[in-house]
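Please open the model in your viewer and keep the sequence panel beside it, since the tour moves from one selection to the next.

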Amino acid sequence: MKEYDSTSAVIYPDKQSGYKDNKGNPINKWFIRYKIQLGDGTNDYRKEYGGSYNINLNRIKDIKVKREKAELLLKLVQHDLKRGIDPENRELELEKVLMREMAESEQYNFENVFSRWFAQKNYVNPIPSKVNSARNINMFHRNQFIPYLKELKKLDDIRKITDEDINQFISENYEKGNWSMNTANVRIAWISGVFVYAFKKAKLIKENPMVLVSKIKEDKVIVREGKQVVKIKTDVRFQAFTDNELEAIYRNWKGSPYEVICKTIYFSFVRFSEMFRFKLRNLDLEGGKWIIPSNIAKGQRDGATKYVTIYTELKQLLTEYLDNYFGDDRNPDYYLFYGKTKSVSMGYTLFNYHWLKLMKKLKKEGINITKKSYALKHTGAKRFINHHRNNNQMSSMQIITELKNQMRHADFATTQLYIFNELGINLEDTTDYSFT
């Protein structure tokens, strides 16, 4: 079997000799000299004058132009040797290599990978209990996911598809209301199946992008006697970040929309579900208030619009953010934190993708953060209480009142329970408002 060495290719004569032979005479015949190792281990040194590449070096009289063409020819020869093409038989071998490369590229085509996975799962002729699943999976991929990849110009190569592409696809359909939480999670599983196959069985990709694609999580609503009485968050809450963890998060996201998102949660104690519904009309920077109507809020069952204070540090950050990302175009219907366009909300799903990506990066740096992004709100609340209590700036009563207003709790008892039971802080001198 022949071995092609692209590093062996050189221009003859070389520039150092002045393009002259040992006797000082100009060398008129230029060529690219290269080496091919034959099957028996011997080296065969060959010459390429340019004919195979439609470059005739030896008809060019001007030395400068001749050198430029020789350098071009050298690059072409090196490129072919790297691909396993012998310039001497270039036309024949090029056709073989192109056929081989075409076959290789076809195996990476996502549609082909999907078809192989589909067949491997016995979905082509499924058992009766799998008929509906097979039909739905096939329709989803061919009618939704494959056209999306085609639009991205990544259908031809599964190796080009990133976790961000998949998260964007999931986020757009979920945030627009095209899919419910359950539908989104089922379709995440359908996409994951193809990538697991490509990664583990077919070994077409070095990393599985689905590792950074999380299932959608929502509030679970419990209805009793026709009324909504309890909401239970599926994520773990009421944990606080350490100073080092916060510093690492803010340092990595400094100057980005994600820093502003985190600090909005941290300083204003609003919820992610509310914040990603904020439009510019919900931000009153001059008055230093968030305007939160009941239709975008959680728990405002009285139908009233609430106002949440924007503290000084966040106000300054939001001012800079608006200048940088909106300029003079302050359409009140634009989303404050947007996705592809200002008319589309970023949504928690897309934000969470970037959050998980950052956590992965920090873990490699030795900072292993296991808390969810929801902990930003509780960290901010805890820091607010400790700051004002330790500096004697507010009485316990004032602290509870401020938090109640900021968090829009229905009564003081809810705020007291939140502080004592959930944050683990004991404000000993607070009045008992449990029965008011």
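Begin by selecting Asp44, which is partly exposed because its relative accessible area is 25%, in a model that is predicted. Asp44 belongs to strand S3, residues 43-48, and if residues up to four places away in sequence are set aside, Asp44 touches Tyr34, Lys35, Ile36 and Leu38. For one of these partners, Tyr34, you can draw a distance between C-alpha atoms: the two residues are ten apart along the chain, and the separation is 8.5 Å.

Next, go to Pro13, in the loop between strand S1 (3-12) and strand S2 (31-37). The peptide bond to display here is that from Tyr12 to Pro13, which is cis, with omega near 0°.

Now select Asn122, placed in the loop between helix H3 (110-120) and helix H4 (131-152). Phi of Asn122 is near 60°, a positive value in a residue other than glycine, and at 56% relative accessibility Asn122 counts as exposed.

A further asparagine to select is Asn173, in helix H5, residues 163-175. Asn173 has a relative accessibility of 13% and therefore counts as buried, the cut-off being under 20%. Leaving out residues up to four places away in sequence, Asn173 touches Asn178 and Trp179.

Move on to Phe269, in the loop between H8 and H9. Phe269 is not a glycine, and yet its phi is positive, at about 60°; with a relative accessible area of 1%, Phe269 is buried.

From that loop, turn to helix H8 (residues 257-268) and show it together with helix H10 (residues 312-325): the two pack at an angle of about 150°, with their axes 10 Å apart. Angles over 145 degrees count as roughly antiparallel, and H8 and H10 are therefore roughly antiparallel to each other. Their crossing is left-handed. To see the contact itself, display the side chains of Pro257, Glu259, Val260, Lys263, Thr264, Phe267 and Ser268 on H8, and those of Glu313, Leu314, Leu317, Leu318, Tyr321 and Tyr325 on H10. Coloured by type, the residues of this contact fall into eight nonpolar, two polar and three charged.

Which residues have the most contacts inside the largest nonpolar core? Select Ile249, Phe272, Trp290 and Phe351, which hold that place in a core of 51 residues. The elements that give two or more residues to this core are helix H7 (243-252), H8, helix H9 (272-275), strand S7 (289-292), H10, helix H11 (347-364) and helix H12 (375-390), and the largest share, eight residues, comes from H11. Apart from this core lies another, of 35 residues, for which Tyr108, Ile146, Ala184 and Leu204, which are among its members, can serve as a selection.

Finish at helix H13 (residues 396-407) and helix H14 (residues 412-422), whose axes come within 9 Å and cross at roughly 105°. Since angles of 65 to 115 degrees count as roughly perpendicular, H13 and H14 are roughly perpendicular to each other. On the H13 side, select Met397, Ile400, Thr401, Leu403, Lys404 and Met407, which meet Phe412, Thr415, Gln416, Tyr418 and Ile419 of H14. The residues of this contact divide into seven nonpolar, three polar and one charged.

Key:
Residues are numbered from 1 along each chain as its sequence is written. This is a predicted model: local features need pLDDT of at least 70, side-chain atom pairs count only at pLDDT 80 or more; totals for chains, interfaces and linings use all residues. Side-chain values use heavy atoms; hydrogens and water are left out. Axes are lines fitted to C-alpha atoms, for helices over the stretch in contact, and angles run from 0 to 180 degrees between N-to-C directions. Helices (H or I, at least four residues) and strands (E, at least two) are DSSP runs, numbered from the N terminus. Angles under 35 degrees count as roughly parallel, over 145 as roughly antiparallel, 65 to 115 as roughly perpendicular and the rest as oblique. A crossing is left-handed if the near helix is turned anticlockwise from the far one by less than a right angle, and right-handed if clockwise. Contact means heavy atoms within 4.5 Å. Ala, Val, Leu, Ile, Met, Phe, Trp, Tyr, Cys and Pro count as nonpolar, Asp, Glu, Lys and Arg as charged, and the others, Gly among them, as polar. A nonpolar core is a set of buried Ala, Val, Leu, Ile, Met, Phe, Trp, Tyr and Cys residues joined through side-chain atoms within 4.5 Å. Buried means under 20% relative accessible area, exposed over 50%, partly exposed in between (1.4 Å probe, protein chains only).
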